[in-house]
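User: Hey, got a minute to go through a model with me? I'll pull it up now.
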Amino acid sequence: MTLNLKSMIKAAAKRTKADLVIKNGRIIDVFNLEILEEDLAIKDGMIIGIGNYDGHEVVDAKGAFICPGLIDGHVHMESSMIHPHYFTRTILAHGVTTIITDPHEIANVSGTSGIQFLLDATEECPVDVFFMLPSCVPATSFEYNGATIQAHDLAPFYEHERVIGLAEVMDFPAVRDGNEAMIAKLAQASQHNKKIDGHGAGLAPEDLNIYASANIKTDHECVTAQEAKERLKRGMYVMMREGTVAKDVRALIPLVNEKNARRFLFCTDDKHLDDLVNEGSIDHNIRISIQEGLDPLLAIQIATLNAAECFSLMDRGAVAPGYRADLLFIEDLETFTIKDIYKNGNKIKEQDHLHAPIVVPNLLKDSVNMKPIHKSDLKISVEADKPCNIIEIIPNSLVTKHIKETVTTYNGHFVPNHDEDQLKLAVIERHKRRGHIGLGIVKGFQIKNGAIASTVAHDSHNIVTVGTNDEDLLVAVQAIEQMKGGLVVVCEKKVVASLPLEISGLMANRTTEHTLSTLKNLHDALHLIGSQDNFNPFVALSFLSLPVIPELKLTDTGLFDVTKFEHITIQAK
């Protein structure tokens with residue numbers, strides 16, 4: 001490091017040439033929100049000067065804007081459904097050079113082995129991957145997952161140089177009530193001088209006082225400007241999220257101004273592969289913000305410097321001496337069109353891709369361990385002409401509605417009715433052969449004939465399935481078991497499309513291109529069973545078992561009222 005420092009100082013002082021000098025570029029100064037028309041000098045992957053420089057290599061930017069590499073402040077890599085090697089290459093093409101990830105999803109299935117796998121798998125990735133350790137495994141005590149992780153399990157990971165904190169604390173009652181296991185995790189992170197992320201969905205202002213007092217300094221769950229403002233008042237950072245389901249940037253951008261902008265950053269949280277490829281990642285958040293009237297330079301500051309400072313990553317997030325040469329050449333600021341990408345001073349080429357084989361531990365490839373399921377296990381007993389508690393999905397939202405309706409019955413059991421859009425929903429424990437099956441009724445999927453099923457079911461990732469009849473539901477679940485995790489579409493007792501996800505039932509060990517092609521086949525099959533194009537049914541399904549997002553959800557232990565934080569019966573009282 002001493003030799004590198006000396007060589008960089010010499011180059012900065014112009015006693016030796018820089019490795020690379022970029023000329024004729026318009027540098028985006030994220031500190032003053034100005035454009036600088038000067039040379040940019042790079043040595044050993046670091047920026048060492050702005051001014052007039054000579055270099056061993058000279059690049060003509062031809063008037064392009066030079067922007068810092070983008071930073072995703074909170075992302076679950078598993079939600080892309082591809083191996084981290086392919087995921088990072090996908091987002092790098094959209095200008096993202098650093099991410100802060102939470103391995104919460106794989107940890108809920110495979111425990112600390114899942115965390116270690118992602119740490120190992122990201123060692124040689126082209127994007128810098130920093131980790132926040134999962135705080136809630138299981139997410140709550142109201143469902144069964146594949147592992148339990150306590151503070152002593154997390155302790156060894158804090159020694160890893162890329163572990164920078166404790167991830168989204170979503171079990172608010174555990175914080176509020178001083179639960180010993182939760183307090184141990186919070187105290188452990190603080191003792192290591194690490195960051196702590198929040199998950200404050202639906203929290204009242206008084207509850208935020210508790211979060212902030214517990215040293216929880218961020219939240220990505222704001223869906224209204226007022227919610228965001230309450231967090232700002234308490235000194236928290238607000239992450240403006242634009243994922244596949246949760247799309248909050250447009251709702252929050254009106255709050256952002258030059259007085260408070262430094263407390264905002266961008267994240268994607270959960271974004272599927274096809275959306276990452278077609279829309280983009282943090283570059284998409286920037287474009288939306290600009291469309292909504294935000295100054296492009298302010299949007300770029302939010303996507304770079306703010307995120308870096310939030311997580312104390314002080315060597316990135318700006319185009320200035322002493323910062324990493326993670327750079328984007330932008331042709332047009334209004335559309336944020338990326339021309340070239342540099343990582344550590346090296347230009348990324350399109351042909352750069354992975355050739356080496358990827359090794360996945362056998363433990364992660366054998367994650368579906370369920371008791372045999374029979375048609376009789378799917379029966380829901382209800383009384384005719386009496387209302388039932390029903391989950392109503394809201395397209396493209398994590399939040400659901402709790403409604404009450406009468407349903408069709410036969411011999412005292414619920415019968416799905418696609419004309420009324422009342423379908424059967426089941427969550428089946430798949431980790432330790434416990435035999436738990438949660439049953440419910442859901443409205444909003446608009447499936448006419450068939451069923452879908454998945455092992456991507458936040459956060460415990462049991463098997464979740466919805467359909468118009470028990471026969472198709474059963475075929476879907478059995479298909480999931482046979483392929484050891486994944487997504488499946490069934491019509492008239494036949495599997496018409498499937499995507500195996502052999503890594504913990506969450507990720508495919510296949511290329512981006514192959515997985516995209518298979519996803520297209522799945523979406524085509526959804527049309528066959530009557531699904532509409534205004535939302536992605538698999539994405540909606542994946543969040544229906546998440547008992548920390550209002551209002552009504554279903555876990556493997558039954559119907560769960562998130563507003564009351566308790567189980568309720570299907571038959572309304």
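User: Where is the place of Val 223?
Analyst: Val 223 lies in the loop between strand 13 (218-219) and helix 8 (225-233). Keep in mind that this is a predicted model.
User: OK. Is Val 223 buried or partly exposed?
Analyst: Val 223 has a relative accessible area of 38%, so partly exposed.
User: And what does Val 223 touch, not counting residues up to four places away in sequence?
Analyst: With those set aside, Val 223 touches Asp 248, Ala 251 and Leu 252. As for Gly 202, which is 21 residues apart from Val 223 along the chain, the two C-alpha atoms are separated by 9.1 Å.
User: Let's switch to helix 11. How many of its residues are buried?
Analyst: Nine of the ten residues in helix 11 (residues 282-291) are buried, so the helix is mostly covered. The buried ones are Ile 282, Asp 283, His 284, Asn 285, Ile 286, Arg 287, Ile 288, Ser 289 and Ile 290.
User: At what angle do helix 11 and helix 12 pack?
Analyst: Helix 11 and helix 12 (residues 296-310) pack at about 150 degrees, and their axes are 9 Å apart. That angle makes helix 11 roughly antiparallel to helix 12, because anything over 145 degrees counts that way. The crossing of helix 11 past helix 12 is right-handed.
User: Which residues make the contact?
Analyst: On helix 11 you have Ile 282, Ile 286, Ser 289 and Ile 290, and on helix 12 Pro 296, Ala 299 and Ala 303. By class, the contact has six nonpolar residues, one polar and no charged ones.
User: What about Gly 293, what phi does that take just after helix 11?
Analyst: Gly 293 takes a positive phi, about 105 degrees.
User: Which UniProt feature is placed at residues 65-346?
Analyst: UniProt, in an unreviewed entry, places "domain: Amidohydrolase-related" there. In the model, residues 65-346 are 36% helix and 21% strand, with the end C-alpha atoms 17 Å apart.
User: And at residues 398-566?
Analyst: For that stretch UniProt has "domain: Adenine deaminase C-terminal", also from an unreviewed entry. Over residues 398-566 the chain is 21% helix and 33% strand, and the end C-alpha atoms are 19 Å apart.
User: Moving on to peptide bonds. Which residue does a cis peptide bond join to His 458?
Analyst: Asp 459, with omega about 0 degrees. Asp 459 is in the loop between strand 25 (451-454) and strand 26 (463-467). There's also a cis bond from Pro 550 to Glu 551, again with omega near 0 degrees.
User: Back to Asp 459, then. Asn 108 touches that residue, right, so where is the place of Asn 108?
Analyst: Asn 108 is in helix 3 (residues 104-121). At 0% relative accessibility, Asn 108 counts as buried. Leaving out residues up to four places away in sequence, Asn 108 touches Asp 459 along with others, including Cys 136, Asn 145, His 431 and Ser 460.
User: Last topic, backbone oddities. What is phi of Gln 446?
Analyst: Phi of Gln 446 is near 65 degrees, a positive value in a residue other than glycine. Gln 446 is in the loop between strand 24 (437-443) and strand 25, and counts as partly exposed at 25% relative accessibility. Lys 484 has a positive phi too, about 60 degrees, although not a glycine. The place of Lys 484 is the loop between helix 13 (470-482) and strand 27 (486-491).

Technical notes
Residues are numbered from 1 along each chain as its sequence is written. This is a predicted model: local features need pLDDT of at least 70, side-chain atom pairs count only at pLDDT 80 or more; totals for chains, interfaces and linings use all residues. Side-chain values use heavy atoms; hydrogens and water are left out. Buried means under 20% relative accessible area, exposed over 50%, partly exposed in between (1.4 Å probe, protein chains only). Helices (H or I, at least four residues) and strands (E, at least two) are DSSP runs, numbered from the N terminus. UniProt positions are given in the numbering used here, feature names are shortened, and annotations may be inferred rather than shown by experiment. Axes are lines fitted to C-alpha atoms, for helices over the stretch in contact, and angles run from 0 to 180 degrees between N-to-C directions. Angles under 35 degrees count as roughly parallel, over 145 as roughly antiparallel, 65 to 115 as roughly perpendicular and the rest as oblique. A crossing is left-handed if the near helix is turned anticlockwise from the far one by less than a right angle, and right-handed if clockwise. Contact means heavy atoms within 4.5 Å. Ala, Val, Leu, Ile, Met, Phe, Trp, Tyr, Cys and Pro count as nonpolar, Asp, Glu, Lys and Arg as charged, and the others, Gly among them, as polar.
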